[in-house]
Amino acid sequence: MQQLTKSQLTDLQGGIGETVESLDLESKESRLGELETEAMREDFWKNQENARKTMSEIEKLRSEIKTAQELTQSIETLLELYESSSEDEANSLIPDYQELL
């Protein structure tokens with residue numbers, strides 16, 4: 001890639017947005033809240049197997065949510081940097097762009 005364009009960045013932003021939307025983060029965040037509330041119950045660890053499954057699901061949900069948020073933030077930051085930079089500076093963002101692909 002020789003030159004980075006705003007169009008490439010907005011296309012990537014759109015693709016990331018569609019992917020994040022398809023993950024239905026709102027319901028994952030809701031489920032995470034339910035599980036975290038359940039994990040705070042006094043008798044939570046009485047059933048070790050269920051507790052481990054719950055903790056595993058909590059960790060999976062946290063990871064998915066964090067990854068989606070980081071991708072969204074990264075492309076937004078990259079777009080902001082692109083818009084506030086000269087052409088030469090913008091082209092220095094190519095490795096960051098390629099990392100998000």
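**A friendly note on this helical model**

1. The accessible surface of the protein comes to about 7,100 Å², and carbon and sulfur atoms hold 46% of that area. Please keep in mind that this is a predicted model.

2. On secondary structure, the protein has five helices and zero strands. Read from the N terminus, the elements run α-α-α-α-α. The radius of gyration is 19 Å, well over the 13 Å that the globule rule gives for 101 residues, so the protein is more spread out than a compact globule.

3. The overall dimensions can be read next to that value: the C-alpha trace spans about 60 × 20 × 20 Å along its principal axes. Of the 101 residues, 25% count as buried.

4. How do the contacts distribute along the sequence? Taking contacts between residues at least 6 apart in sequence, 72% join residues at least 24 apart.

5. For charge, the protein carries 10 positive and 24 negative side chains. The centres of these two sets lie 14 Å apart.

6. One detail you may like to look up in the viewer is the aromatic pairing, where the count comes to one pair. The ring centres of Phe44 and Trp45 are 5.1 Å apart and their planes stand at 85°; planes over 60 degrees apart count as edge-to-face, so this pair is edge-to-face.

7. Are the two partners buried or exposed? Phe44 has 5% relative accessibility and therefore counts as buried, while Trp45, at 44%, counts as partly exposed.

Notes. Residues numbered from 1 in each chain as written. Predicted model: local features only at pLDDT ≥ 70, side-chain atom pairs only at ≥ 80, totals over all residues. Heavy atoms only, no water. Phe/Tyr/Trp six-rings, centres within 6.5 Å; stacked < 30°, edge-to-face > 60°. Buried < 20%, exposed > 50% of the residue type's maximum accessible area, 1.4 Å probe, protein only. Helix = DSSP H or I, 4+ residues; strand = E, 2+ residues; numbered from the N terminus. Rg over C-alpha atoms; globule rule 2.2 N^0.38 Å. Contact = heavy atoms within 4.5 Å. Areas by Shrake-Rupley, 256 points an atom, 1.4 Å probe, with all protein chains shown as cover. Lys, Arg positive; Asp, Glu negative; His and termini not counted. Charge placed at Lys NZ, Arg CZ, Asp CG, Glu CD.
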